[in-house]
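Okay, thanks everyone. I'd like to take a few minutes on side-chain contacts, charged pairs to begin with and then the aromatics. Here it is on the screen.

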Amino acid sequence: MCNATKEFHEAGITIFVVTTRPDIWSKQTIAWLKAQGIPLRGLFMRKAGDERDDELVKQDMLHTIQEKGYTVLLAFENDKPTYKMYKDEEIPVVYIKTYN
């Protein structure tokens with residue numbers, strides 16, 4: 001994913017990172033993204049106290065991005081319900097299998 005985001009950025013595509021991590025971790029998350037070399041235009045994180053399911057939180061984030069005038073070309077996702085939400089929203093999405 002890191003290489004893909006760099007290539008998209010070099011092609012002039014705006015990169016947004018959308019995560020359901022709580023926004024109290026924004027400084028650490030931005031530092032980690034920069035350390036990985038991931039270029040980003042904006043970071044969307046879960047607001048404090050928002051306990052909704054991940055796919056609902058990310059759906060609101062998606063709509064916010066679209067309301068700002070951006071067309072979402074592709075999403076990378078590791079959560080199956082959220083993957084389905086992107087499909088339902090007709091957003092091309094790549095499922096990333098993660099290991100713990």
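**Charged pairs and ring pairs**

Let's begin with aspartate 50, which counts as buried because its relative accessibility is 18%, and the cut-off for buried is under 20%. Before I go on, keep in mind that this is a predicted model. Aspartate 50 makes a salt bridge with arginine 52, and the closest N and O atoms sit 2.8 Å apart. Arginine 52 itself comes out as partly exposed, at 33% relative accessibility.

So how many salt bridges turn up in a search of the whole structure? Five.

Next one: glutamate 77 and lysine 58, again a salt bridge, with 2.8 Å between the closest N and O atoms. This pair links distant parts of the chain, since glutamate 77 is in strand β3, residues 75-77, while lysine 58 is in helix α3, residues 54-67, and the two are 19 residues apart. Buried or exposed, glutamate 77 and lysine 58? Both are buried. And back to aspartate 50 for a second: salt bridges with shared partners join Asp50, Arg52 and Asp60 into one network.

Then there's aspartate 54 with arginine 46, whose side chains meet in a salt bridge at 2.3 Å, N to O. Here arginine 46 counts as buried at 10% relative accessibility, whereas aspartate 54 is partly exposed at 29%.

Okay, on to the aromatics. The count there is three aromatic pairs. Take phenylalanine 16 and tyrosine 70: the ring centres are 4.8 Å apart and the planes are at 80°, so that's an edge-to-face pair. Phenylalanine 16 lies in strand β1, residues 16-22, and tyrosine 70 in the loop between α3 and β3, so the pair ties together parts 54 residues apart in sequence. Phenylalanine 16 is partly exposed at 22% relative accessibility, and tyrosine 70 is partly exposed too, at 27%.

Now tyrosine 83 and tyrosine 95: centres 5.8 Å apart, planes at 85°, so edge-to-face as well. Tyrosine 83 is in helix α4, residues 80-88, and tyrosine 95 is in strand β4, residues 93-95, so this pair ties together parts that are 12 residues apart in sequence. For accessibility, tyrosine 83 is partly exposed at 25%, and tyrosine 95 is partly exposed at 33%.

Last thing: which residues do ring pairs link into a cluster? Phe16, Phe44 and Tyr70.

Technical notes:
Residues numbered from 1 in each chain as written. Predicted model: local features only at pLDDT ≥ 70, side-chain atom pairs only at ≥ 80, totals over all residues. Heavy atoms only, no water. Salt bridge = Lys/Arg side-chain N within 4 Å of Asp/Glu carboxyl O. Buried < 20%, exposed > 50% of the residue type's maximum accessible area, 1.4 Å probe, protein only. Helix = DSSP H or I, 4+ residues; strand = E, 2+ residues; numbered from the N terminus. Phe/Tyr/Trp six-rings, centres within 6.5 Å; stacked < 30°, edge-to-face > 60°.
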